[in-house]
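Open the model in your viewer and keep the selection box at hand. We will go stop by stop.

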Amino acid sequence: MNEAPENVRLIGGEMLLWSDSSHTSGVTDWRGVALELVRRLLPMEEDAKARVLLVGPHPRGLVDEVVARAASVAVLLRSYPDACALAERHPDLAVYCGRLSALPESAPYDLVLALDGLRRTHSAEEVAPPWRESLGALAALVAPGGRFVLSVSNDLGIDRFVEARPADRDGGDEHWEPHGFDQGYPDGPGALDEELVAAGLTPERCYAAYPGRAAPRALLSRELLGYDLPDALTVPLSARGGDRMLVADPLRLTRLVFSHGLGEQLAPLWVAMATRPSDVPLGQYEDAPTDLPLGLFEEGHAVHEVTWGATRRLSDGVERAIPAGRVVEEVLIEACAREDVRAVRDLLTVLGDWVEMGGDAAADNLVWDGERFAAIHALPAPPTRPADRVVLCRVLWRFAVRLLAAGHHHPWPWPRQTEQLTLTLCGMAGRPCDQADLDLARKLDAELGQPAELSDTAPTYRDLLGARDRLADQLTAALARVSRLETKLTYRERELLRARGRLRKTQRKSAAYRRTLGYRLSRRLARPRRVARRVLRLLSG
């Protein structure tokens, strides 16, 4: 073991050879929304004297932001290599390496951040303490008037239903000690609030993190989820892409969660914010502070704040109203499911008119309120806009890919391939396209950065079932053919046996005939005649 930096203190329970920063450890990859939340909790002020405690591993950018804004920062890590690396990068940090129960007593902190949860606060070489006990130990470190931020993963989150592979197959360190046997682990936001109150804290706000616990990109507060959120806001909250094995279409499943008002209960992750009151009796909830946002979500490299009825891009403050209406893809899927060809034709015709007026957005990034279209997220425009029929062909190409990949029904039995279905939809829109237009549309889709083609390394569970059914049909046909060939082979073998029997019988008759007196005399009499013919040929030649 190498010598530790001077600002690393070993407190017991440290893991000398383990690193929580590896890609297989399952540490939550917080980015823009978490950085914005830290900026709200730690405003950049010259007279700020906030003392901050970071519990567990956090992304490097988040640690750097906290160090830049707080007066003093302490970090608790169980991994010795991670503690040494962090201490070398920030020499002013007080890095404690070990388990939470061995953390020495010190002055309380103004802010305690545990955005990775409580699973990595103890060593794998000891029995994990109850979750409630770890929460009480952290809550005791919060100063009066200070804040406590904790993330809690939901065992019944939407990502559990989307993912086909069991979570414990990932082999991360968080599965060494399954917390499902811990009766104190909260099973919902209400139970989480009760645990915070029991620990002497007053809940301020609870956020639902989407689209998954591995890489949250959106935070929605309980107050915001209490209303019917527009489709333009909930569509980006579904997990897409990656190398995961999916059970079903994540977009469809996430949309159903929000349409039934289960956005908070089925969130992959909860982020709870609480404070230790100084003069407010325990159990009496204060109004949510105004400095905490109702919601945050990332779009590309930009972070947007959700307000009532609008979104505001940070940090330039540009506001944009949330467009109303239904997602065009859902409208088309429902019309295809009931085989309403007229509704599909009417909507595609209006969509073609909108494209000819300069519009460009994929069907899963477009809402329709019955009169006009509105893009959910503005896409970067290509350097030169192609022909309108190519743009429309790209939109319908993406829809056809998603329609067939998700296994939805459509009323056209002949197009078995995506290209055929795309050309059929273009014809229904009144803008016929050919294969050359389709090739340009696919090239344009790839240039915009989000190609519609599904990766071969990320099949959905439905794709696997479809492949299994196709293989089963092929196997059934092959077995039937083998059975027919075996029957024919058996018949041919019997015919061969009968032919061999007739041949042997004929050979016996022929041998008996050769042994007769007449046959021998005829052979002797025919021999001089053949000799005479040969002599005549020689003489005549």
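Select residues 32-41, helix H1. In this predicted model, 9 of the 10 residues of H1 are buried, so the helix is largely enclosed by the rest of the structure. Which residues of H1 are buried? They are Gly-32, Val-33, Ala-34, Leu-35, Glu-36, Leu-37, Val-38, Arg-40 and Leu-41. Glu-36 and Arg-40 are on that list too.

Now zoom out to the full model. The protein has 541 residues, and 45% of them are buried. It holds 16 helices and 16 strands. Take the contacts with a separation of 6 or more: 72% of them join residues 24 or more positions apart.

Next, the nonpolar cores. In soluble globular proteins, nonpolar side chains tend to be buried together. Here the largest nonpolar core has 54 residues. Which residues have the most contacts inside it? Select Leu-138 and Phe-148. Then show the surroundings of Leu-138. Leaving aside residues up to four places away in sequence, Leu-138 touches Val-55, Leu-100, Val-112, Ala-114, Leu-118 and Phe-148. A second core is separate from this one and has 41 residues. To find this second core, select Val-52, Tyr-80, Ala-83 and Tyr-207, which are among its members.

Go on to a helix pair. Select residues 131-139 for helix H4 and residues 189-198 for helix H6. Their axes come within 9 Å and cross at roughly 50 degrees. That angle makes H4 oblique to H6. The crossing of the two is right-handed. Show side chains where they meet: Trp-131, Arg-132 and Leu-135 on the H4 side, Leu-192, Glu-195 and Leu-196 on the H6 side. Sorted by class, this contact of H4 with H6 has 4 nonpolar, no polar and 2 charged residues.

Stay on Leu-192, which lies in H6. Is Leu-192 buried or exposed? Its relative accessibility is 0%, so Leu-192 counts as buried. Color its neighbors: Leu-192 touches Trp-131, Val-152, Pro-186, Trp-270 and Ala-272, not counting residues up to four places away in sequence. Now add Val-271, which is 79 residues from Leu-192 along the chain. The C-alpha atoms of Leu-192 and Val-271 are separated by 10.0 Å.

Step to Ser-123. Look for Ser-123 in the loop between strand S5 (109-114) and H4. Ser-123 has a relative accessible area of 3%, so this loop residue is buried. What does Ser-123 touch, not counting residues up to four places away in sequence? Select Gly-13, Met-15 and Arg-99.

Last stop, another helix pair. Select residues 341-356, helix H11, and residues 388-405, helix H12. The axes of H11 and H12 come within 9 Å and cross at roughly 130 degrees. H11 is therefore oblique to H12. H11 passes H12 in a right-handed crossing. On H11, show Leu-348, Leu-351, Gly-352, Val-355 and Glu-356. On H12, show Asp-388, Val-391, Leu-392, Val-395 and Leu-396. These residues make the contact. By class, 7 are nonpolar, 1 is polar and 2 are charged.

Key:
Residues are numbered from 1 along each chain as its sequence is written. This is a predicted model: local features need pLDDT of at least 70, side-chain atom pairs count only at pLDDT 80 or more; totals for chains, interfaces and linings use all residues. Side-chain values use heavy atoms; hydrogens and water are left out. A nonpolar core is a set of buried Ala, Val, Leu, Ile, Met, Phe, Trp, Tyr and Cys residues joined through side-chain atoms within 4.5 Å. Buried means under 20% relative accessible area, exposed over 50%, partly exposed in between (1.4 Å probe, protein chains only). Contact means heavy atoms within 4.5 Å. Axes are lines fitted to C-alpha atoms, for helices over the stretch in contact, and angles run from 0 to 180 degrees between N-to-C directions. Helices (H or I, at least four residues) and strands (E, at least two) are DSSP runs, numbered from the N terminus. Angles under 35 degrees count as roughly parallel, over 145 as roughly antiparallel, 65 to 115 as roughly perpendicular and the rest as oblique. A crossing is left-handed if the near helix is turned anticlockwise from the far one by less than a right angle, and right-handed if clockwise. Ala, Val, Leu, Ile, Met, Phe, Trp, Tyr, Cys and Pro count as nonpolar, Asp, Glu, Lys and Arg as charged, and the others, Gly among them, as polar.
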